[in-house]
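Me: I'm new to reading protein models, and I'd like a close look at one place where two helices pack. Could you walk me through it slowly and show how it fits into the rest?

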Amino acid sequence: MSRQDTKALAHQETKALARELKTQGTILGGFVATIWVLEFVDVFLGGALNRYGILPRNLIGLRGILFAPFLHGNFAHLIANTIPFLTLGWFVMLRETSDFFVVTGITMLVSGLGVWLIGSSGLHIGASGVVFGYLGFLLARGYFERNIPSILLSVIVGFLYGGAIWGVLPTQPGVSWEGHLFGFIGGVIAARFLSQRKQVS
């Protein structure tokens, strides 16, 4: 391969990487923009949107499995979820952007159903179940895939966010630890599912 061909190939790879990063930024930014806009709307409506959260063991509360991750109690709650969502969400995308959608979907379902089945009475809202799902996925992926990049990423995530694991326990009143716990479990399930799918392919 000539030097010119090598430079052209490197240029193509750089452009492809730039497109991928732009796509990832658009996805994450779109989600964050949505939850922030919804919180402003909710404040304007006096908290009326929060009734669409998960209401345990109530049939209408099942709708919260879809809506709860987009709703927050206040801006402090929202800010607390935004930064880890962006960081861990991007880590989930690092290998394949499509992993983000699979992990998010599985986590929302497992976390939502878990809260609906055993959650404490009252409405459960917030993206923290999804955030804990990303944490569970990233920590477990190294174990299931057992390759150097995945293990290294698991170690980095463990170093940065390992302390958050205590959030799966009922240590803080008013915090949906059930959402955290089942979100984490959903992330582990997603890690196993994706590792098996990639082994088959």
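Reply: Here is a walk from the whole chain down to one helix pair, and then out to a few single residues.

A quick word on the ground rules. This is a predicted model, in which local features need pLDDT of at least 70 and side-chain atom pairs count only at pLDDT 80 or more, while totals for chains, interfaces and linings use all residues. Residues are numbered from 1 along each chain as its sequence is written, and side-chain values use heavy atoms, with hydrogens and water left out.

Let's start with the whole thing. The protein chain has seven helices and zero strands; helices (H or I, at least four residues) and strands (E, at least two) are DSSP runs, numbered from the N terminus. Along its principal axes, the C-alpha trace spans about 65 × 35 × 30 Å. Of the 201 residues, 42% count as buried, where buried means under 20% relative accessible area, exposed means over 50%, and partly exposed is in between (1.4 Å probe, protein chains only).

Now for the pair: α4 and α5. Two packed helices are described by the angle between their axes and the distance between the axes. For α4 and α5, the angle is about 120° and the axes are 9 Å apart. The axes are lines fitted to C-alpha atoms, for helices over the stretch in contact, and angles run from 0 to 180 degrees between N-to-C directions. That angle makes α4 oblique to α5: under 35 degrees counts as roughly parallel, over 145 as roughly antiparallel, 65 to 115 as roughly perpendicular and the rest as oblique.

Who does the touching? Contact means heavy atoms within 4.5 Å. On the α4 side you'll find D99, F100, V103, T104, T107, M108 and S111, and on the α5 side G129, V130, G133, Y134, F137 and R141. Sorted by class, this contact has six nonpolar, five polar and two charged residues. Here Ala, Val, Leu, Ile, Met, Phe, Trp, Tyr, Cys and Pro count as nonpolar, Asp, Glu, Lys and Arg as charged, and the others, Gly among them, as polar.

Some of those names come up again in the core. The largest nonpolar core has 34 residues, and F85, L88, F100, Y134, F137 and L138 have the most contacts inside it. A nonpolar core is a set of buried Ala, Val, Leu, Ile, Met, Phe, Trp, Tyr and Cys residues joined through side-chain atoms within 4.5 Å. At least two residues of this core come from each of α1, α3 (75–93), α4 (97–118), α5 (128–145), α6 (148–161) and α7 (177–200). The most come from α5, with nine residues. Leaving aside neighbours within four places in sequence, L88 is in contact with V131, Y134, L135, L138, V157 and Y161.

Next, follow the pair outward. G187 lies in helix α7 and counts as buried because its relative accessibility is 0%. Leaving aside neighbours within four places in sequence, G187 is in contact with T107, G133, G136 and F137. T107, G133 and F137 are also part of the contact of α4 with α5.

Q24, in helix α1 (residues 3–44), is buried too, with a relative accessible area of 3%. Not counting residues up to four places away in sequence, Q24 touches W90, M93 and T97. For contrast, try N58, in the loop between α1 and α2 (64–67): N58 counts as partly exposed because its relative accessibility is 31%.
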